[in-house]
Amino acid sequence: MAGLPDQLIDKFGRRIDYIRLSVTDRCDFRCVYCMTEDMKFLPRSQVLSLEELEQVARAFVELGVKKIRITGGEPMVRNNIMALLREIGSFPQLQELLLTTNGAQLTRYAKPLREAGVSRINISIDSLRPDRFERISRVGKLDRVIAGIDASIAAGFERIRLNSVIMKGYNEDEVLDLVEFAMDRDVDIAFIEEMPLGRPSDHEREETLCTNDWVREVIEQRYPLIPTASRTAGPSKYWQLNGRANRIGFISPVSHNFCADCNRVRVTVEGRLLLCLGNEHSVDLRAILRDPARSFQDLKQAIVDAMDIKPERHYFYDEDYAQPVRLMNMTGG
Ligand code: SAM
Ligand code: SF4
């Protein structure tokens, strides 16, 4: 097959050089905004094997992808995840291997992750009160996550970022505490608006949504924020507190549309190449991977072709928004 490009460009001229690769839909937590209480998980046969995941990552990297974020579900519950990370971490063309995790296993894995080539990690933490943390995650233990954050700092990770979803009735009074927790440890923190992906079982999302404009106002009442020049392509906008090196990010997919800068696609653990978080446009890469008549080149060609159906934008809460039924753990957050 001749003429495969060495970079991925969609039909709106956006260069796609970042993928988020989900390695499991399972998790040791059950966060209220991400999963329902009685989640059913995929049978093993539908889940990509480690070898298939590695092939997908390799195909994207050969097509010019520079950054891969490993996510889930909770990536650290996938069997032999370290072997996959080591493999992907050794691709010479890859500039950054990133991981998003709930932090519960980082006391054990922070150092090995760094050794495997993971360059940066995001750790989710929505509350600093043990009882609330348990209510939001349904099962998680706050002290383990805090120990995991500290282990990651001790392991020498740079630019660690905490992720917090602020929700009315759950944790909206903890914005400043979370900012101060991040300042104390000199790590970044990003506030992520709760996205309407799938139906949660414990609340209506429209009632719990706290926009980031509101979160920012709360912070600015105590700490004036200075905009930074550091805007990576994509959704995060970063600010700084006077005299501090760490940054505060706002990811506002609901209240501010950032699709014009979109540089990413997602691959679910079923091998579905999802071209947009808020739309169902996708391509079944697993079917290609498992078809003996099709080659690695076919896989790459399918990825190139998929760029033509990447939607221009998402339409969260617009009048005719068709909410995807998939929850975030199936999407690859
Ligand atoms: N288990 C890992 C974790 O919690 O960081 C990685 C996967 S999780 C799906 C990735 C991120 O998505 C987390 O920061 C989580 O808070 C966020 N998330 C999950 N569901 C969400 C939703 N409906 N809206 C906004 N963020 C969500
Ligand atoms: Fe698990 Fe992460 Fe979803 Fe929480 S947000 S249930 S930790 S996958």
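How many helices and strands are there in the protein? There are 11 helices and 14 strands, and keep in mind that this is a predicted model.

**Overall picture**

Let's start with the whole chain. A compact globule of 333 residues would have a radius of gyration near 20 Å, and the protein comes in at 19 Å, so the two agree. Along the principal axes, the C-alpha atoms fill a box of roughly 60 × 45 × 45 Å. Some 58% of the 333 residues count as buried. As for how the chain folds back on itself, take the contacts between residues at least 6 apart in sequence: 75% of them join residues at least 24 apart.

On the outside, the accessible surface is about 14400 Å², and carbon and sulfur atoms account for 47% of that. The charges come to 46 positive and 50 negative side chains, with the centres of the two sets 3 Å apart.

**Helix α10 and its cover**

Helix α10 spans residues 296–306, and its buried residues are Asp298, Leu299, Lys300, Ala302, Ile303, Val304 and Ala306. What covers them? The cover of the buried α10 residues includes two helices, α1 (50–62) and α9 (285–289), along with the strands β1 (8–9), β13 (272–274) and β14 (282–284).

**Two buried residues**

Aspartate 10 sits in the loop between β1 and β2 (15–16). Is aspartate 10 buried or exposed? Its relative accessibility is 4%, under the 20% cut-off, so aspartate 10 counts as buried. The aspartate 10 side chain has a couple of polar partners: it reaches the backbone nitrogen of phenylalanine 12 at 2.9 Å, and it makes a polar contact of 2.7 Å with the side chain of arginine 14. Looking past neighbours within four places in sequence, aspartate 10 is also in contact with Met307 and Lys310.

Serine 137 is the other one to look at, and it lies in helix α4 (residues 130–137). With a relative accessibility of 2%, serine 137 counts as buried too. Leaving out residues up to four places away in sequence, serine 137 touches Phe29, Arg30 and Cys31.

**Three exposed loop residues**

Now for some residues on the outside, each in a loop.

| Residue | Loop | Relative accessible area |
|---|---|---|
| Asparagine 80 | between β4 (67–71) and α2 (81–89) | 57% |
| Aspartate 186 | between α6 (175–185) and β8 | 52% |
| Arginine 199 | between β8 (188–192) and α7 (205–208) | 58% |

Since exposed means over 50% relative accessible area, arginine 199 qualifies at 58%. Which side chain does arginine 199 pair with in a polar contact? The partner is the side chain of glutamate 204, at 3.0 Å. Arginine 199 also has a sequence-distant residue to note: tyrosine 33 is 166 residues away along the chain, yet their C-alpha atoms are 8.5 Å apart in space.

The other two rows have a backbone feature worth a look. Most residues other than glycine have a negative phi. Asparagine 80, which is not a glycine, has a positive phi of about 60°. Aspartate 186 is not a glycine either, and its phi is likewise positive at about 60°.

Methods:
Residues are numbered from 1 along each chain as its sequence is written. Chains are lettered from A and ligands numbered from 1 in the order in which they are written. This is a predicted model: local features need pLDDT of at least 70, side-chain atom pairs count only at pLDDT 80 or more; totals for chains, interfaces and linings use all residues. Side-chain values use heavy atoms; hydrogens and water are left out. Helices (H or I, at least four residues) and strands (E, at least two) are DSSP runs, numbered from the N terminus. The radius of gyration is taken over C-alpha atoms; the globule rule is 2.2 Å times the number of residues to the power 0.38. Buried means under 20% relative accessible area, exposed over 50%, partly exposed in between (1.4 Å probe, protein chains only). Contact means heavy atoms within 4.5 Å. Accessible areas come from the Shrake-Rupley method with a 1.4 Å probe; for residues, only the protein chains shown count as cover. Lys and Arg count as positive and Asp and Glu as negative; His and the chain ends are not counted. The place of a charge is taken as NZ of Lys, CZ of Arg, CG of Asp or CD of Glu. A polar contact is a pair of N or O atoms within 3.5 Å; within protein, one must be able to donate a hydrogen and the other to accept it, and residues adjacent in sequence count only if both atoms are side-chain atoms.
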